[in-house]
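Reader: I'd like to practise reading a model from its surface inward. Could you walk me through it?

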Amino acid sequence: MNGENTVDMGDIAELANSLMYDLDGSYMISGALSKGLMLVLIVGGGLIALKIIMKATQKALKKSPTDELVEHFILKLIKVLGIVVIVVTGLSYMGVPMSTFVAILGTVGVAAALAWKDVLSNFAGGVLVLINRPFKKGDYIDDMTIKGTVEKVDLFFTTLTSDEGHTIIMPNSHLANTTIINQKEKPKKNIE
């Protein structure tokens with residue numbers, strides 16, 4: 001064989017080795033792996049930390065005299081805020097400029113506020129209901145149009161059970177802006 005068509009194994013190893021290095025001389029494969037591994041650690045560690053924080057908060061709330069509905073609200077709020085922090089931390093680590101991210105988030109927030117006016121109204125109503133606590137689980141309430149026993153209060157809706165056994169889901173904005181008669185328990189009918 002002539003020397004022009006032969007390939008030296010040393011040349012192949014040198015070519016493969018040069019493909020593994022980035023322009024600045026850093027080792028690309030291990031750099032990509034380490035960045036990916038670090039992102040997995042950030043997200044995984046964040047989720048584990050969030051779970052620990054939620055369990056500790058739940059344990060502390062069980063010992064305190066807070067209402068079950070307020071506990072549920074606080075735990076949901078911690079979960080949402082924790083996930084936002086984890087996502088922002090991960091994006092920051094991946095090199096997404098935070099000023100751009102905050103500007104986009106602000107724009108999306110304004111658009112969402114305009115589009116979801118009623119949903120945000122229900123959320124605000126839910127916060128008011130949970131803070132003021134005009135009723136609690138098990139109370140029999142009447143808003144002059146609908147009557148029922150309170151089963152659950154979430155951020156957006158309150159679930160009642162009617163006298164006939166039907167499930168009624170009412171928006172919290174309605175409950176926060178109307179007159180409510182709280183009879184504490186379902187009135188007993190006199191049968192004569």
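Author: Gladly. Let us begin with a term: a residue counts as buried under 20% relative accessible area, as exposed over 50%, and as partly exposed in between. Met94 has a relative accessible area of 40%, so Met94 is partly exposed. Keep in mind that this is a predicted model.

Reader: Where does Met94 lie, and which residues make a nonpolar surface patch with it?

Author: Met94 sits in the loop between H3 and helix H4 (98-115). The patch, of about 510 Å², joins Met94 with Leu37, Met38, Leu41, Tyr93 and Val96. Helix H2 (residues 28-63) is the main contributor to this patch, giving three residues.

Reader: What is the overall pattern of helices and strands along the chain?

Author: The chain reads α-α-α-α-α-β-β-β-β-α-β, with six helices and five strands. Of its 192 residues, 22% are buried. The chain exposes about 13,600 Å², and carbon and sulfur atoms supply 66% of that area. Among contacts between residues at least 6 apart in sequence, 50% join residues at least 24 apart.

Reader: Let's take one helix. What span should H5 have, and what span does the model give?

Author: The 16 residues of H5 (residues 117-132), at 1.5 Å a residue, should span 22 Å; the end C-alpha atoms are 22 Å apart, so the two agree. Just after H5, Arg133 takes a positive phi of about 50°.

Reader: Which residues of H5 are buried, and what do they pack against?

Author: The general idea is that an α-helix has 3.6 residues a turn, so residues three or four places apart point the same way. In H5, the buried residues are Asn122, Gly125, Gly126, Val127, Val129 and Leu130. They pack against helix H3 (68-93), helix H6 (172-176) and three strands: S2 (147-153), S3 (157-161) and S4 (167-171).

Reader: Which members of the largest nonpolar core touch the most other members?

Author: In soluble globular proteins, nonpolar side chains tend to be buried together. Here the largest nonpolar core has 14 residues, and those touching the most other members are Leu130, Phe135, Ile141, Val150, Val153, Leu160 and Leu175. H3, H5, S2 and S4 each give two or more residues to this core, and H5 gives the most, with three. Apart from this core lies another, of five residues, among them Leu50, Leu61, Leu75 and Ile86.

Reader: What is Val150 in contact with, beyond its neighbours within four places in sequence?

Author: The contacts of Val150 include Phe135, Ile141 and Leu160, and also Lys136 and Asp139. Those last two, Lys136 and Asp139, form a salt bridge with each other, at 3.4 Å from N to O.

Reader: Are the two partners buried or partly exposed?

Author: Side chains of opposite charge can pair when their charged atoms come close. In this pair, Asp139 is buried at 1% relative accessibility, whereas Lys136 is partly exposed at 40%.

Reader: How many salt bridges does the structure hold, and which residues are linked in a network?

Author: There are four salt bridges, and Lys76, Lys152 and Asp154 are linked in a network. The closest N and O atoms are 3.6 Å apart for Lys76 and Asp154. Lys76 lies in helix H3 and Asp154 in the loop between S2 and S3, so this pair ties together parts 78 residues apart in sequence. For Lys152 and Asp154, the closest N and O atoms are 3.5 Å apart. Asp154 counts as buried, at 17% relative accessibility, while Lys76 is partly exposed at 36% and Lys152 is partly exposed at 40%.

Conventions. Residues numbered from 1 in each chain as written. Predicted model: local features only at pLDDT ≥ 70, side-chain atom pairs only at ≥ 80, totals over all residues. Heavy atoms only, no water. Helix = DSSP H or I, 4+ residues; strand = E, 2+ residues; numbered from the N terminus. Expected span 1.5 Å × (residues − 1). Buried < 20%, exposed > 50% of the residue type's maximum accessible area, 1.4 Å probe, protein only. Contact = heavy atoms within 4.5 Å. Areas by Shrake-Rupley, 256 points an atom, 1.4 Å probe, with all protein chains shown as cover. Patch = residues over 30% accessible without salt bridge, like charges linked within 9 Å, V, L, I, M, F, W, Y side chains within 5 Å. Salt bridge = Lys/Arg side-chain N within 4 Å of Asp/Glu carboxyl O. Core = buried A, V, L, I, M, F, W, Y, C linked by side-chain atoms within 4.5 Å.
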